[in-house]
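Let's take a walk through this one, going from a helix pair to the bonds and backbone details around it. Have the viewer open as you read.

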Amino acid sequence: MRTDKGLRRLALAGAAAGFAVAATVIPQAAFADDGESELLEEIEASHTPYADLEKLSPEDQQQFLAGLEGLSEQRQAEVLQSDEWKSEVSTFGYSDIIWSATEKAACVIHVDLVSCNRAAKDATEASNSAEKHFASNTLHNGKGDAYRHCYWNARMTISIGKSGAMKIASNHEAIGGGPANEKSMDLANNETGRSIGAAQKTYAKSHTQCKSSANSGKLVTLK
């Protein structure tokens, strides 16, 4: 059950975003800021945590993220357990496009839930396509890896727009960790993919262009 403070916070955020919210009379004293722990409790108690996270004020969203990052991966997943997230990477091959609970939360905050779900589907398609068209020993730091990032960003650019694609891909690299040279490789191929998606306009043409670019050495690789 939501706390009185949680009801008021979401009511205010919903009203600011133009949503119809039922009026609730609650004593003002109930709204003292108790910090990150209460925000975490509110979101965990929700049946739609990502939708509710999207409605919070920017300040509360950042406070929530700070609290979430201090938890173990298991607790992060428990706090944000939900069927709102429709797609996961399902490839059997190597893929670094994995969506942690923290990355999902940051994605919703920086873009929106609908776009993040589309981006997750695009990640699955790009990962499976890389496994289909490239040798397994190229899927990490090789041309298959480069293709995956290129095609993922091309697809996102087509499905949600270049700005959203850039935010999601950059957020992924910022949160995902890993060696600096691998991040640089991914960021370069992400940017190329967005340019290809903007120019080619379709998934099929973008796939062909990213595949050709990978095979001809036009994408960045580390091996």
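At roughly what angle do the axes of helix α10 and helix α11 cross? Keep in mind that we're looking at a predicted model. Here, α10 covers residues 180-200 and α11 covers residues 203-215, and their axes cross at roughly 140°, coming within 9 Å. Two packed helices are described by just that pair of quantities, the angle between their axes and the distance between the axes. Since angles over 145 degrees would count as roughly antiparallel and 65 to 115 as roughly perpendicular, α10 and α11 are therefore classed as oblique to each other. As for its hand, the crossing of α10 and α11 is right-handed.

Now zoom in on the residues that make this contact. On the α10 side you'll find Ile196, Gly197 and Gln200, and they meet Lys205, Ser206, Gln209, Cys210 and Ser213 of α11. Sorted by character, the residues of this contact come out as five polar, two nonpolar and one charged.

What sits between α10 and α11 along the chain? There's a loop there, and Lys201 is in it. Check its backbone: Lys201 isn't a glycine, yet it has a positive phi of about 75°. Its relative accessible area is 59%, and because anything over 50% counts as exposed, Lys201 is exposed.

Lys201 has a counterpart to look at in another loop, the one between α7 (113-133) and α8, where Asn141 is placed. Asn141 is not a glycine either, and its phi is positive too, at about 70°. Is Asn141 buried or exposed? With a relative accessible area of 12%, Asn141 is buried, because the cut-off for buried is under 20%.

Moving on from that loop brings us to helix α8, residues 143-160, which is where Thr157 lies. Thr157 has a relative accessible area of 9%, so Thr157 is buried. Leaving aside residues up to four places away in sequence, Thr157 touches Lys162, Ala165, Arg194, Gly197 and Ala198. You've already met Gly197, as one of the α10 residues in the contact with α11.

Next, the covalent links. A disulfide is a covalent bond between the sulfur atoms of two cysteines. How many disulfides does the structure hold? There are two, and with the bonded cysteines numbered in sequence order, the pairing reads 1-2, 3-4.

One disulfide is formed by Cys107 and Cys116, whose sulfur atoms are 2.0 Å apart. The angle about the S-S bond is -110°, and the link between Cys107 and Cys116 is left-handed. Both of these cysteines, Cys107 and Cys116, are buried.

The other disulfide joins Cys150 to Cys210, with an S to S distance of 2.1 Å. This pair links distant parts of the chain, 60 residues apart, with Cys150 in helix α8 and Cys210 in helix α11. The torsion about the S-S bond of Cys150 and Cys210 is about -75°, so this disulfide is left-handed. Cys150 has a relative accessible area of 0% and is therefore buried. Cys210, also at 0% relative accessibility, counts as buried.

Cys210 is a good place to end, as it ties two parts of the tour together. Cys210 belongs to the α11 side of the contact with α10, and a disulfide joins it to Cys150.

Note on methods:
Residues are numbered from 1 along each chain as its sequence is written. This is a predicted model: local features need pLDDT of at least 70, side-chain atom pairs count only at pLDDT 80 or more; totals for chains, interfaces and linings use all residues. Side-chain values use heavy atoms; hydrogens and water are left out. Axes are lines fitted to C-alpha atoms, for helices over the stretch in contact, and angles run from 0 to 180 degrees between N-to-C directions. Helices (H or I, at least four residues) and strands (E, at least two) are DSSP runs, numbered from the N terminus. Angles under 35 degrees count as roughly parallel, over 145 as roughly antiparallel, 65 to 115 as roughly perpendicular and the rest as oblique. A crossing is left-handed if the near helix is turned anticlockwise from the far one by less than a right angle, and right-handed if clockwise. Contact means heavy atoms within 4.5 Å. Ala, Val, Leu, Ile, Met, Phe, Trp, Tyr, Cys and Pro count as nonpolar, Asp, Glu, Lys and Arg as charged, and the others, Gly among them, as polar. Buried means under 20% relative accessible area, exposed over 50%, partly exposed in between (1.4 Å probe, protein chains only). A disulfide is a pair of cysteine sulfur atoms within 2.5 Å.
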